[in-house]
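Hi,

Here is the structure I promised to pass on. Have a look at it first, and my notes follow underneath.

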Amino acid sequence: MRTFRNILAVVLVLGLVAGGGVWMLRGKIATTIYRKGAEEALSANPFAKLPDGLHVALCGSGSPLPDPHRAGPCVAVIAGQRMYVIDIGDGATRNLTLMGLSPAQADALLLTHYHSDHMGGLGELMLQHWAGGAATEPLPVYGPQGLEEVLNGFQLAYQLDRGYRIAHHGPTVVPPQGFGGTAHTFQVQANGGDVVLVDDGGLKITAFPVSHEPVSPAVGYKFAYKGRTVVISGDTAPSPRVEAEAKGADLLVHEALSERLVALQRQAALAANRETIAKISQDIIGYHTTPEQAADIAQQAGVRYLLLDHLVPGVPLKGLEGPFLGDAPKRFKGTLRLGQDGDFISMPAGSDAITRTNRLARFR
């Protein structure tokens with residue numbers, strides 16, 4: 001018995017010593033992790049290790065409603081060596097950087113519509129594109145009619161900041177002509193045709209109208225590159241147009257609202273005499289799409305992978321994922337995922353493979 005106790009005591013002492021050693025080395029370990037993270041985030045070519053094809057990064061899966069784990073709406077699409085950012089909600093620019101996708105490398109920003117949650121991070125993205133890469137030209141920004149007004153407002157708000165940074169860092173680091181964004185406005189009608197924005201080097205990007213009344217215009221985007229296709233719905237009620245555009249697509253990124261959970265929010269608001277919140281909770285149902293409806297659209301279109309984003313309401317607890325999805329998993333036979341910030345989906349050219357990782361998982 002004494003021998004056993006002696007052995008146990010030695011084990012405990014060794015454990016404490018080892019634990020203490022790790023504790024004493026924690027700063028060195030953290031510094032090493034930080035250095036490696038910085039090297040990855042500041043890589044001159046963040047796309048170099050990616051196979052040629054389409055890659056989709058969910059830089060923001062949230063909505064105007066609070067969710068501690070989700071930034072505002074944002075999707076980045078990488079086609080070969082080009083990166084396009086679709087919508088830029090609050091916190092999304094930081095997520096891009098944490099995911100190893102430098103805002104300085106963005107070829108353009110594409111806005112689906114002008115609700116505040118879809119463009120709240122526009123100023124930050126333009127700033128990081130400019131100051132993070134010594135840009136000599138403004139960030140190209142695409143959007144339907146009304147874009148100039150939005151862009152001019154953000155640029156006016158950042159004029160003082162522009163001057164401070166040029167004075168501080170000098171025109172070589174922050175070239176004055178690279179500040180802000182350049183509007184590329186396209187005209188789209190509610191029942192009109194597609195608008196081709198890019199068609200070169202094997203990449204075709206089209207915009208198409210969706211149904212988000214009274215918000216008009218509102219569009220979705222389709223990316224086709226070397227045999228792979230992704231469709232991004234933007235905010236919309238169930239739309240035959242989204243289904244038509246998504247025919248045979250590899251990936252459909254579709255917004256989703258859970259009527260069940262929104263109803264619970266409305267009941268809580270009424271119980272607390274928060275009439276305004278109750279009214280808004282009722283109003284938003286009509287111009288969004290439930291997970292079940294999105295699943296039906298994806299199934300009818302023959303989509304292979306359905307990624308739900310712009311989640312209304314927030315899903316702060318893992319246990320809420322089932323109630324949020326409802327019957328959607330039964331309606332769609334492909335792969336269905338409730339999007340999380342950091343999701344990174346790869347679709348290599350010349351293949352039918354679709355793989356998913358999460359580039360923010362290490363921070364959780």
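What percentage of the 364 residues of the protein count as buried? The answer is 49%. Before you read on, keep in mind that this is a predicted model, so everything below is computed from predicted coordinates.

**Overall picture**

The protein has twelve helices and 15 strands. Along the principal axes, its C-alpha atoms fill a box of roughly 85 × 55 × 55 Å. About 17300 Å² of the protein is exposed, and 57% of that comes from carbon and sulfur atoms. As for contacts between residues at least 6 apart in sequence, 67% of them join residues at least 24 apart.

**The eight-stranded sheet**

One open sheet has eight strands in the order β6-β5-β4-β3-β2-β1-β14-β15, and its pairing is mixed. β6 (181–186) and β15 (355–358) are the edge strands: each has a single partner, so one side of each is left without a neighbour in the sheet. On average, neighbouring strands here are turned by 20° against each other, ignoring direction.

Have a look at the β6 end. Strand β5 (residues 139–144) runs parallel to β6, and six bridges join the two. Within that pairing, Gly-143 sits opposite Thr-185 in β6. Helix α5 (residues 147–157) packs on the sheet there and touches both β5 and β6, its direction making about 165° with that of β6.

On to the pairing of β5 with β4: strand β4 (residues 106–110) pairs with β5 in the parallel sense too, over two bridges, and Leu-109 stands opposite Val-141 in β5. Is β5 largely enclosed or largely open? Five of its six residues are buried, so the rest of the structure largely encloses β5.

**The disulfide**

There is one disulfide in the structure. It is formed by Cys-59 and Cys-74, with the sulfur atoms 2.2 Å apart. The two cysteines are 15 residues apart and tie together distant parts of the chain: Cys-59 belongs to strand β1 (residues 53–60) and Cys-74 to strand β2 (residues 74–79). The link is left-handed, at -70° about the S-S bond. Both ends are out of reach of solvent by the 20% cut-off for buried: Cys-59 has a relative accessible area of 0%, and Cys-74 comes in at 2%.

**The seven-stranded sheet**

A further open sheet has seven strands, ordered β7-β8-β9-β10-β11-β12-β13, again with mixed pairing. Here β7 (195–200) and β13 (335–338) are at the edges; each pairs with a single strand, so one side of each has no neighbour in the sheet. From one strand to the next, the twist averages 15°.

At the β13 edge, strand β12 (residues 305–312) pairs with β13 in the parallel sense over four bridges, and Leu-308 stands opposite Leu-338 in β13. Helix α10 (residues 291–301) packs on this sheet, where it touches β11 (251–257) and β12; its direction makes about 155° with that of β11.

**The cores**

Which residues touch the most other members of the largest nonpolar core? They are Leu-110, Leu-197, Phe-223 and Val-230, out of 31 residues in that core. Strand β9 (residues 219–225) is the top contributor, giving four residues.

Phe-223 is worth clicking on. Leaving aside residues up to four places away in sequence, Phe-223 touches Leu-54, Val-77, Tyr-84, Ile-86, Leu-110, Leu-203, Lys-204, Ile-205, Arg-228, Thr-229, Val-230 and Ile-232. Another core lies apart from the largest one; it has 30 residues, including Ala-92, Met-119, Met-126 and Leu-147.

**One more residue in β9**

Ala-224 is also located in strand β9. With 27% relative accessibility, Ala-224 counts as partly exposed. Its contacts, again without residues up to four places away in sequence, are Gly-202, Leu-203, Lys-204 and Thr-229. Thr-206 is 18 residues from Ala-224 in sequence, and their C-alpha atoms are 8.8 Å apart in space.

That's what I have for now. Shout if anything looks odd on your screen.

Cheers

How values were computed. Residues numbered from 1 in each chain as written. Predicted model: local features only at pLDDT ≥ 70, side-chain atom pairs only at ≥ 80, totals over all residues. Heavy atoms only, no water. Disulfide = S-S within 2.5 Å. Buried < 20%, exposed > 50% of the residue type's maximum accessible area, 1.4 Å probe, protein only. Pairing = 2+ DSSP bridges. Axes fitted to C-alpha atoms, helices over the stretch in contact; angles between N-to-C directions. Contact = heavy atoms within 4.5 Å. Core = buried A, V, L, I, M, F, W, Y, C linked by side-chain atoms within 4.5 Å. Areas by Shrake-Rupley, 256 points an atom, 1.4 Å probe, with all protein chains shown as cover.
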